[in-house]
Amino acid sequence: MMMNNKMFDAIVVGARCAGSNTATRLAQAGFEVLLVDRSFFPSDVISTHTIFNNTVHCLREIGVLDKLLETDTPAMTHCRLQHDDVVIEGVMPSYQGESNSYCFRRTHFDKILLDHAISHDNVTAVEGFRVTELIREGDKIVGIRGRDRENNVSEYYGKIVIGADGRTSTIRREAGAVQKTATPTEWATYYGYFEGVHNFDHIQFEISTNSEYRAYVFPTSDKQHVIVANVPLKDTRWMNGFKTEPEQAIRELYAEYFPRQAERIADSVLVEPMKGIIAYDNYWYEGMGDGFALVGDAVCFKDPGLGQGMHDAVFGAKILAEVLIKHRDRGWDKSWSEMAAEYQSTLEDEFMARYEVACSLTKVTSHTPEELEMYRQIKGDEVAKEKYLGFYNYTADHNDLTLALTRENNQEHQAVS
């Protein structure tokens, strides 16, 4: 066994979206950081890909955006959302001067974020290292033990161990983090990367839903599009199709229920095997305890249909770093309870409204007449449309949309009177 005698300020387990952002922010504040991941980079991972312009702002803050833009990933300003026969199209509201949104391939995105993190002299990275257990002194976590690809065992010690290791987080399990809430999904999600997809009108996010199925089409890096289908877990016809012949299934599903999207992908070519995520929970965990913290999907996961996972990882890293930096002078050992409460409340204040919407989306239900009428109102009112789209990039919340729709209804009432 290799014993590393260096005491790091922070050990970050998981070097993708949440982990590399956390390491970068802590390094920029002067902390000594160890960043480990079981994978080697570049490598792919299941993802929503969605980076709305509020997330873009966070990436610009840490100085990595220019490098990401060198991937020649298309910039998007427009969204098209169709609910049954109601189409809402518009421009995503600007966020602190950022107008463009992106869907980077994770092979590019994660590698660039990792490289940016380790460009800081006070970040040490170890790829291909799988954490097997946590090291404790009494009740406090003080380090990690794990194996590399040659099965060599190593130990590393730090003042805090941060789990940025995703939905099946080893750090969360080994730390015994308490689950606060969970809602199981009723959907399966399948997607693939296709070349030769036709663009109509604007380059944009395109989301279509009906009573039983969802379709998502958006451009990503390398002149490819991400083509997505959501099908109910209870639908044995389509579930069997996606499990056996996923490309054929997604083309047939689009042809049957989403003719616009079927036309877009008619001449396209699938460039690598499709991916899927089935039977997941939407969940929240307690995010911090003595000697550990969780960030990204390790602490909170929501239905990917809302496209918020990457923002939660990037902005959650910012929240965690700010809490740790704030309590640096007093010393973390004197502040675990206070930091844990502050971190949890800040995360929930930031993300809970969209988590609750995701828990609603994760149920298979038909659009009600009242919902469709609301969508028609949004479609015909520019203020309401801005607030509706702004919910996705944090420039608006549900109250803003409700006020906009109330204003419209009052104006119509006054006009009739």
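This is a short tutorial dialogue on reading features in a predicted model.

Q: Let's start with charges. How many salt bridges does a search of the whole structure find?
A: The general idea is that side chains of opposite charge can pair when their charged atoms come close. Here, searching the whole structure turns up 32 salt bridges.

Q: Can you show me one? Which residue forms a salt bridge with Glu348?
A: That's Lys180, and the closest N and O atoms of the pair are 3.7 Å apart. Glu348 sits in helix 10 and Lys180 in strand 13 (residues 179–184), so this pair ties together parts that are 168 residues apart in sequence.

Q: Are those two buried or exposed, or partly exposed?
A: Glu348 is partly exposed, at 22% relative accessibility. Lys180 also counts as partly exposed, with a relative accessible area of 44%.

Q: What about Glu256: which partner does Glu256 have in a salt bridge?
A: Look for Arg237, where the closest N and O atoms are 2.8 Å apart. Glu256 belongs to helix 7 (residues 246–257) and Arg237 to helix 6 (residues 236–244), so the pair ties together parts 19 residues apart in sequence. On the surface side of things, Glu256 is partly exposed at 41% relative accessibility, and Arg237 is partly exposed at 48%.

Q: Now Glu247 and Arg251. How are they separated in helix 7?
A: They are four residues apart there, which means about one helical turn lies between them. Their side chains meet in a salt bridge, 3.2 Å from N to O. Glu247 is partly exposed at 30% relative accessibility, and Arg251 is partly exposed at 22%.

Q: Which residues do salt bridges that share partners join into one network?
A: Find Arg80, Glu89, Glu206, Arg260 and Arg264, which are joined into one network in that way.

Q: What if a charged residue has no salt bridge? Where is Arg172, and what is the nearest side chain of opposite charge?
A: Arg172 is in helix 5 (residues 170–175). Arg172 is buried yet has no salt bridge, and the nearest side chain of opposite charge, Asp165, is 7.0 Å away. A salt bridge needs a nitrogen and an oxygen within 4 Å. Setting aside neighbours within four places in sequence, the contacts of Arg172 include Tyr283, Tyr285, Leu294 and Asp297.

Q: And charges on the surface? Which residues form a positive surface patch?
A: Arg38, Arg130, Arg147 and Arg149 form one. Take Arg149: you'll find this residue in the loop between strand 10 (140–148) and strand 11 (153–158). Arg149 is exposed, with a relative accessible area of 53%.

Q: Let's move to burial. Why is helix 2 (residues 53–61) largely enclosed by the rest of the structure?
A: Count the buried residues, meaning those under 20% relative accessible area. In helix 2, seven of the nine residues are buried, so the helix is largely enclosed by the rest of the structure. The buried ones are Asn53, Asn54, Thr55, Val56, His57, Cys58 and Leu59.

Q: What covers the buried residues of helix 2?
A: The cover includes helix 1 (17–28), strand 4 (50–51), helix 3 (65–69), strand 7 (102–103), helix 4 (106–118) and helix 9 (309–326). Just after helix 2, look at Gly63, which takes a positive phi of about 85°.

Q: Which residue other than glycine has a positive phi near 60°?
A: Asp222 does. Asp222 is in the loop between strand 16 (214–219) and strand 17 (224–232), and is partly exposed at 37% relative accessibility.

Q: What is phi for Ala279?
A: Ala279 has a positive phi of about 55°, although it is not a glycine. Ala279 is in the loop between strand 19 (275–278) and strand 20 (281–285). At 57% relative accessibility, Ala279 counts as exposed. Not counting residues up to four places away in sequence, Ala279 touches Thr185, Trp187 and Leu233.

Q: One last backbone feature: is the peptide bond from Phe41 to Pro42 cis or trans?
A: Check the omega angle. For this bond omega is near 5°, and the bond is cis. Pro42 is in the loop between strand 3 (33–37) and strand 4.

How values were computed. Residues are numbered from 1 along each chain as its sequence is written. This is a predicted model: local features need pLDDT of at least 70, side-chain atom pairs count only at pLDDT 80 or more; totals for chains, interfaces and linings use all residues. Side-chain values use heavy atoms; hydrogens and water are left out. Patches are made of residues with over 30% relative accessible area and no salt bridge: like charges are joined within 9 Å, nonpolar side chains (Val, Leu, Ile, Met, Phe, Trp, Tyr) within 5 Å. Accessible areas come from the Shrake-Rupley method with a 1.4 Å probe; for residues, only the protein chains shown count as cover. Lys and Arg count as positive and Asp and Glu as negative; His and the chain ends are not counted. The place of a charge is taken as NZ of Lys, CZ of Arg, CG of Asp or CD of Glu. Helices (H or I, at least four residues) and strands (E, at least two) are DSSP runs, numbered from the N terminus. Buried means under 20% relative accessible area, exposed over 50%, partly exposed in between (1.4 Å probe, protein chains only). Contact means heavy atoms within 4.5 Å.
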